[in-house]
Amino acid sequence: MSSELSKIWLSSPHMGGKEQDFVNSAFAENWIAPLGPNVNGFEKDLVNYINQDKHIAVLSSGTAAIHLALVKLGVQSGDEVICQSFTFCGSSNPIVYQGAKPIFVDSEPSTWNMCPKALKEAIEDRISKGKKPKAIIPVHLYGMPYLVDEIHAVASKYEIPIIEDAAESLGSTYKNKSCGTFGAYSALSFNGNKIITTSGGGALVCPTESDKQKIVYYSTQARDNAPHYQHSEIGFNYRMSNISAGIGRGQMLVLDKHVALRRKMHDFYVSIFKDIKGVKVLTEPNENFKSNHWLSAITINPEQTNGISREDLRLHLEKYNIESRPLWKPMHMQPVFENTPFYGGKVAEKLFEQGLCLPSGSNLTDEDRERIKQGIREVFKI
Ligand SMILES: *Cc1c(COP(=O)(O)O)cnc(C)c1O
């Protein structure tokens with residue numbers, strides 16, 4: 001059966017049409033380098049889009065963006081950095097790149113993101129053990145803004161800077177302000193499966209122009225101002241290429257359209273599941289939150305579905321060549337982070353056990369939606 005049906009992906013690249021024009025102009029002008037008019041143009045487009053007094057450096061990935069934020073904040077070997085446990089490893093790995101130690105914090109059930117109470121407990125316990133955390137990394141997972149006011153209130157009480165992981169949330173807002181503008185530094189990602197893509201890429205949102213220039217300096221091997229190559233600090237090769245940035249400029253023209261289409265996919269799942277007991281679709285807790293719904297995600301509680309589990313649904317959809325995927329496995333449950341401190345309860349663990357991401361791309365067709373709906377209805381026998 002599956003061999004005849006084209007694959008329905010969780011989230012696949014969706015070009016708007018103008019991307020190649022920007023890439024062609026890079027070729028025409030021979031700007032095949034990690035600098036050039038597309039790099040500057042893409043940075044300007046992003047600043048305009050998030051619409052705050054910010055300065056953006058485009059980089060080779062979202063992971064690189066988080067890494068450079070840690071470097072800029074002076075995180076060093078032996079330091080501790082608090083990170084949301086329920087996330088992709090791109091949030092937490094850069095802590096280890098710096099030789100620092102991650103401290104993981106559980107989620108809360110309304111947004112699935114960092115729990116402010118567990119955060120407070122973590123900070124107080126780490127301070128009592130003799131080390132004040134150097135930074136906090138909360139995440140707007142699946143596009144859903146975290147509890148911004150509550151998390152930032154705790155962080156400012158203890159005067160710890162926030163590195164906002166907005167990799168999945170370009171186009172989301174909290175109280176009408178763009179995600180990616182709340183942290184001391186904020187990271188964006190343009191990987192192949194994100195809401196817009198540059199094939200691979202990321203950006204760091206910075207508070208001032210001079211902070212941005214410092215990030216650009218770190219991302220281009222920390223070269224001193226001299227005619228020869230001279231270095232007083234260790235840098236990285238993390239700048240975005242002018243080719244990738246050309247794709248990004250084209251994608252900016254369709255970003256709002258993609259957000260609207262992903263939000264429609266969310267509505268599609270809400271209408272399918274509204275009468276199925278035991279299934280919950282991740283939805284904004286109130287009107288302060290607007291998610292781009294990068295991925296539509298559900299939880300299935302088998303105790304309320306006559307034993308039907310998320311694996312039953314996942315495997316059934318697979319027969320129709322439809323990709324779905326369990327939610328992120330929390331970092332404190334990962335073999336590589338064994339014995340890393342964790343604060344909180346079982347919220348993230350339970351989400352991992354019961355949760356599933358469903359196809360959410362802005363390029364899905366009516367036929368795709370029909371096939372998805374049929375697959376879901378068969379599993380729940382409706
Ligand atoms: C994608 C992602 C990243 C990292 O971005 P890359 O561009 O893939 O390096 C970081 N955090 C989260 C939550 C992500 O989803």
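Which residues come nearest to the ligand, of the 15 around it?

1. Let's start with that question. This is a predicted model, and in it Thr63, Asp165, Glu168, Ser189 and Lys194 come nearest, out of 15 residues around the ligand. Try finding these five in the structure above before you read on.

2. Next, look at who these neighbours are by class. The shell around the ligand holds nine polar residues, three charged ones and three nonpolar ones. Two helices, α3 (62-72) and α4 (89-97), each supply at least two residues of this shell.

3. Now for some individual atom pairs. At Gly62 the backbone takes part: one of its N or O atoms lies 2.8 Å from an oxygen atom of the ligand. Side chains do so too, with an N or O atom of Asn191 at 3.1 Å from a ligand oxygen, and an N or O atom of the Lys194 side chain also 3.1 Å from an oxygen of the ligand. The ligand exposes 380 Å² when taken alone, and the protein buries 94% of that.

4. Where does the ligand's space rank among the pockets? It is the second largest pocket, so to speak of the largest we must look elsewhere in the list of pockets.

5. The largest pocket contains about 340 Å³ of space. Its lining has 17 residues, and Trp112, Lys280, Thr299, Leu351 and Gln354 are the closest to its centre. By class, the lining comprises eight nonpolar, seven polar and two charged residues.

6. Finally, β10 (279-281), β12 (296-300) and α11 (347-354) each give at least two residues to the lining of the largest pocket. The largest share, four residues, comes from α11.

How values were computed
Residues are numbered from 1 along each chain as its sequence is written. This is a predicted model: local features need pLDDT of at least 70, side-chain atom pairs count only at pLDDT 80 or more; totals for chains, interfaces and linings use all residues. Side-chain values use heavy atoms; hydrogens and water are left out. A residue is near a molecule or strand if one of its heavy atoms lies within 4 Å of it. A polar contact is a pair of N or O atoms within 3.5 Å; within protein, one must be able to donate a hydrogen and the other to accept it, and residues adjacent in sequence count only if both atoms are side-chain atoms. Accessible areas come from the Shrake-Rupley method with a 1.4 Å probe; for residues, only the protein chains shown count as cover. On a 1 Å grid over the protein atoms alone, a cavity is a set of points where a 1.4 Å probe fits but cannot get out, and a pocket is an open set with protein on both sides within 12 Å along at least five of seven lines; lining residues have an atom within 4 Å of a point. A molecule sits in a cavity or pocket if more than half of its atoms lie within 2 Å of its grid points. Ala, Val, Leu, Ile, Met, Phe, Trp, Tyr, Cys and Pro count as nonpolar, Asp, Glu, Lys and Arg as charged, and the others, Gly among them, as polar. Grid points are joined across faces, edges and corners, and a volume is the space filled by probe spheres set on the points.
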